[in-house]
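Me: I have a structure open and would like to talk through how it is put together. Shall we go question by question?

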Amino acid sequence: MNEVQVLHRTGQWCHGRRLGNVVAYDVRILPQYQVAGRPTVDRSYLLLGEGVQLTRPAVFGGTMEGWWYVDLVEIEYAERGLVVHDMYVDLLIPPAAQRYQVLDLEELADALREGQITPAQCADTLTATQQFVNRYLRGPEEGPIGPAHHFPPEPVTTLAQLPSLLDGSAES
């Protein structure tokens, strides 16, 4: 397991650990998004090469407890570490992963329309979204489109067992 730094979209540099093509990192939830009585740290997982970030938001309680929030992202390799750029498209996946919701496609369209992203970035995001659905969420009754993978990916399950990464002191 290698140490890595990740720049979260909130502007926080976060300590992380890389296992294969997955990076786990912890980020403090900004005060305006915190929920009383809930944890104040989220652990996120970057699926390198897939343009995907997975999080089980600490603020999700009640009927959404244990749901996954999936961000389609662009990952930039910088001198200090990885820089995560949100590419607007999100998915919500309940624990059973038998259904999902696609969110924010209008935000992707607005970003393209307003010149915040290029047509190539938009196309890459849409392709990554479909590949993620095909790889992790497509049910056997829908027929195969390439090899199916377990959701969440095995390295995510392993990295979820690490203690807090906030201070960078987790065992390597």
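Me: How many residues lie between β1 and β2 in their hairpin?

Reply: Happy to help, and note that this is a predicted model. Strands β1 (residues 2–7) and β2 (residues 13–19) pair in the antiparallel sense over 6 bridges, with Glu3 opposite Arg17 in β2. In the turn, Gly11 has a positive phi of about 95°. The number of residues between the two strands is 5.

Me: Which residue stands opposite Leu7 in β7?

Reply: β1 is also joined to β7, by 2 bridges, and these strands run parallel. Across from Leu7 in β7 stands Val83.

Me: Which element gives the most to the largest nonpolar core?

Reply: That core has 28 residues, and Tyr45, Leu47, Leu54, Val70 and Phe132 touch the most other members. Several elements supply at least two residues each, among them β6 (68–77), β7 (82–93) and α1 (105–113). With 6 residues, the top contributor is α2.

Me: What span does α2 reach from its first C-alpha to its last?

Reply: α2 has 19 residues, and at 1.5 Å a residue the expected span is 27 Å. Its buried residues include Thr125, Ala128 and Phe132, and what covers the buried residues of α2 includes β4, β5 and β6. The span in the model is close to the expected one, at 26 Å.

Me: Which residue of α2 does Val70 touch?

Reply: Leaving out residues up to four places away in sequence, Val70 touches Val52, Gln53, Leu54, Val89, Asp90, Leu91 and Ile93, among others. α2 covers residues 119–137, and the contact of Val70 there is Phe132.

Note on methods. Residues numbered from 1 in each chain as written. Predicted model: local features only at pLDDT ≥ 70, side-chain atom pairs only at ≥ 80, totals over all residues. Heavy atoms only, no water. Core = buried A, V, L, I, M, F, W, Y, C linked by side-chain atoms within 4.5 Å. Buried < 20%, exposed > 50% of the residue type's maximum accessible area, 1.4 Å probe, protein only. Helix = DSSP H or I, 4+ residues; strand = E, 2+ residues; numbered from the N terminus. Contact = heavy atoms within 4.5 Å. Expected span 1.5 Å × (residues − 1). Pairing = 2+ DSSP bridges.
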